[in-house]
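User: I'm new to this one. Please pick a single part and walk me through it closely.

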Amino acid sequence: GRLLGRMQAHARGWRLAPGRRRDGWLDHRAVERAPEALPGDTAFHEAAAEVAARVRAAVPTPTEHVGLIHADLHAWNVLVDEDEGLTAIDFDDAVIGPYLYDLAMPLYYAVTTRRDEDPSEVADAFLTPFLAGFDAVAPRPPGGAAGIAALLAMRQCDLAIFVHLEVPSERWDDHLTVAARRLRDRTVARAEVVPIDVLERH
């Protein structure tokens, strides 16, 4: 949380120079490509469209709440040195987007990598120290529980689409097939990654 807070505090004082940049933030996400990824799966296409609309409605995007974000910060993208200092790596997905997104991604991976545990308990245990660290160095971006919940749903949907668009057929195995189906089914079922009442508590 403190590492992300430092990154956001720095980003908020910086403006991108004029010139070429990536497409709009939501267009950079995979949700708009659902028909391409799973052709003929109308239930998934409808659910993906709902996710995109939900994000647009719940995540504030005025200029002061948007800037350079990492967009993929999780445990595997953090290096720990001998003094327990943390350094973020892998900025391949960095984009101009809502700061709130960078708060949702670490939570998504904290919960989904521990699927055998209660997501409410995992989220509670993660969010308390994470947000304390973040709050010590940066103000929270607006959007609250509804915004985070929408972004968690978007990540779940994004990944269901991404594996179909980006992973070559020769790399598909039983594990990936099961994971892709689970992401698709959870999106269609409108399954929340973290219950909204847990997010509201924090």
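Analyst: **The second largest pocket and the helices beside it**

The second largest pocket has 15 residues in its lining, and those nearest its centre are His74, Ala75, Val78, Pro106 and Phe126. (A pocket here is an open set of points on a 1 Å grid over the protein atoms alone where a 1.4 Å probe fits, with protein on both sides within 12 Å along at least five of seven lines; lining residues have an atom within 4 Å of a point.) Keep in mind that this is a predicted model, where local features need pLDDT of at least 70, side-chain atom pairs count only at pLDDT 80 or more, and totals for chains, interfaces and linings use all residues. Residues are numbered from 1 along each chain as its sequence is written, and side-chain values use heavy atoms, without hydrogens or water.

So what kind of residues are in the lining? It has 12 nonpolar and 3 polar residues, with no charged ones (nonpolar is Ala, Val, Leu, Ile, Met, Phe, Trp, Tyr, Cys and Pro; charged is Asp, Glu, Lys and Arg; polar is the rest, including Gly). Helices α1, α5 and α6 (119-135) each give the lining at least two residues (helices are DSSP runs of H or I, at least four residues, numbered from the N terminus). The largest share, 3 residues, comes from α5.

Those three helices also pack against each other. Take α5 and α6: their axes sit 9 Å apart, at an angle of about 145° (axes are lines fitted to C-alpha atoms over the stretch in contact, with angles from 0 to 180 degrees between N-to-C directions). From α5, Leu103, Pro106, Leu107, Ala110 and Val111 meet a set of α6 residues that includes Pro119, Val122, Phe126 and Phe134 (contact means heavy atoms within 4.5 Å). By class, that contact is 13 nonpolar residues, with no polar and no charged ones. Pro106 and Phe126 turn up here as well as nearest the pocket's centre.

Next, α1 (residues 2-12) packs on α5 (residues 99-112) at about 165°, their axes 11 Å apart. That makes α1 roughly antiparallel to α5 (over 145 degrees). Leu4, Gln8, Ala11 and Arg12 of α1 meet Tyr99, Asp102 and Leu103 of α5. This contact has 4 nonpolar, 1 polar and 2 charged residues.

Finally, the axes of α1 and α6 come within 7 Å and cross at roughly 35°. On the α1 side, the contact uses Arg2, Leu4, Gly5, Gln8 and Arg12, while α6 brings Phe130, Gly133 and Phe134. They split into 3 nonpolar, 3 polar and 2 charged residues. Leu4, Gln8 and Arg12 are in this contact and also meet α5.

How values were computed: Angles under 35 degrees count as roughly parallel, over 145 as roughly antiparallel, 65 to 115 as roughly perpendicular and the rest as oblique.
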